[in-house]
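User: I've got a structure open and want to talk it through before I set anything up. Could you walk me through it, one question at a time?

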Amino acid sequence: KQQLIMYSKTASKRYAKALIESALESNRLEETYSELNNLKDVLNNSSQLSGYLLNPAVSKGEKGDLLIKIFGDEHPNLINLITLLQINNRLDELENIADSFNELYARRKGIIEASITSAVPISNNLETEIVKYLKTIKKGQINLTKKIDKSIIAGFVLDFGDTQFDASAKKKLNKMQKQLTRNN
């Protein structure tokens, strides 16, 4: 099972690399990026469509045809990708390919992805300070995503590249609980 997941990630990265190379050659990088992110937005905002695409009882041909009908002529690069994935029986990799493409795009554009998760919304001033701080660590454009997770109680969790800084009350309470359990 783990080997299948690894192969799947490798396949989606290969498709993404080929897609970005094709987009660069045809001078359609921004257009392709926009189309893939429209797809991701639609999938994130429609649990009904996501459920349909994940349903194993629905053929990949029907899934591809529906996506082509939804995105139509306004997304030619996406339609070409969907058609190719239908032919190669890889339509289930579409979202992974979009994620891999976005990683390659961000690397190429010097965009550094970061996310901050807090129990309550952070202020614009704090967001500005965090972006300033991250720019001192790594040069490039910082793309900060804000998330709310009340389970962290207070504080925040900052993910930046391969680094995570966890200053949440939840982590501190878990650490105290482990120490108390160890001492008793």
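User: Let's start with charges. How many salt bridges does the count come to?

Analyst: Keep in mind that this is a predicted model. A pair counts when a side-chain nitrogen of Lys or Arg is within 4 Å of a carboxyl oxygen of Asp or Glu. By this rule, the count is four.

User: Which residue does E30 form a salt bridge with?

Analyst: E30 is in helix α2, and its partner is in helix α6, 79 residues apart, so to speak a link between distant parts of the chain. E30 is partly exposed, with a relative accessible area of 40%, and the partner also counts as partly exposed, at 42%. The closest N and O atoms are 2.9 Å apart, and the partner is K109.

User: Is K40 buried or exposed?

Analyst: K40 sits in helix α2 and pairs with D99 in helix α6, 59 residues apart. Their salt bridge has its closest N and O atoms 2.2 Å apart, and D99 is partly exposed at 30% relative accessible area. For K40 the relative accessible area is 14%. Buried means under 20%, so K40 is buried.

User: What is the N to O distance between K146 and E127?

Analyst: This pair links distant parts of the chain, with K146 in strand β2 and E127 in helix α7 (residues 124-137), 19 residues apart. K146 is partly exposed, with a relative accessible area of 42%. Their side chains meet in a salt bridge, and the N to O distance is 2.8 Å.

User: On to the nonpolar side. Which helix gives the most to the largest nonpolar core?

Analyst: That core has 26 residues, and L67, L94 and F101 touch the most other members. At least two residues come from each of α1 (2-25), α2 (29-45), α3 (47-54), α4 (60-71), α5 (76-87) and α6 (94-109). With six residues, the helix that gives the most is α6.

User: Which residues is L94 in contact with, leaving aside its neighbours within four places in sequence?

Analyst: L94 is among the three core members that touch the most others. Contact here means heavy atoms within 4.5 Å. With the sequence neighbours left out, the contacts of L94 are L39, L67, L78, L81, I82 and L85.

User: How many residues does the second core have?

Analyst: This core is separate from the largest one. Its members include I122, I142, L158 and F160. The number of residues is eleven.

User: What about the surface: how much accessible area does the nonpolar patch with I153 have?

Analyst: I153 lies in the loop between β2 (141-148) and β3 (155-160). The other two residues of the patch are L173 and M176. Together, the three have an accessible area of about 290 Å².

User: Any odd backbone angles? What is phi of I153 near?

Analyst: Most residues other than glycine have a negative phi. I153 goes the other way with a positive value, and so does N89, at about 55°, in the loop between α5 and α6. For I153, phi is near 70°.

User: Which residues is K147 in contact with, again without its neighbours within four places in sequence?

Analyst: K147 is found in strand β2 and is partly exposed, with a relative accessible area of 41%. Its C-alpha atom is 14 Å from that of Q164, 17 residues apart along the chain. The contacts of K147 are S115, I116, T117 and S118.

User: How far apart are the C-alpha atoms of T128 and L144?

Analyst: T128 is found in helix α7 and counts as partly exposed, at 44% relative accessibility. T128 and L144 are 16 residues apart along the chain. Their C-alpha atoms are separated by 9.8 Å.

User: Last one, on confidence. Over which residues does pLDDT stay under 50?

Analyst: The protein averages a pLDDT of 85, and 95% of the residues score at least 70. Among the elements, α2 has the highest mean pLDDT (91) and α1 the lowest (77). The stretch under 50 has one contact beyond four places in sequence in the model, and covers residues 1-7.

Definitions and conventions
Residues are numbered from 1 along each chain as its sequence is written. This is a predicted model: local features need pLDDT of at least 70, side-chain atom pairs count only at pLDDT 80 or more; totals for chains, interfaces and linings use all residues. Side-chain values use heavy atoms; hydrogens and water are left out. Patches are made of residues with over 30% relative accessible area and no salt bridge: like charges are joined within 9 Å, nonpolar side chains (Val, Leu, Ile, Met, Phe, Trp, Tyr) within 5 Å. Accessible areas come from the Shrake-Rupley method with a 1.4 Å probe; for residues, only the protein chains shown count as cover. Helices (H or I, at least four residues) and strands (E, at least two) are DSSP runs, numbered from the N terminus. A nonpolar core is a set of buried Ala, Val, Leu, Ile, Met, Phe, Trp, Tyr and Cys residues joined through side-chain atoms within 4.5 Å. Buried means under 20% relative accessible area, exposed over 50%, partly exposed in between (1.4 Å probe, protein chains only). pLDDT is the predictor's confidence in each residue, from 0 to 100.
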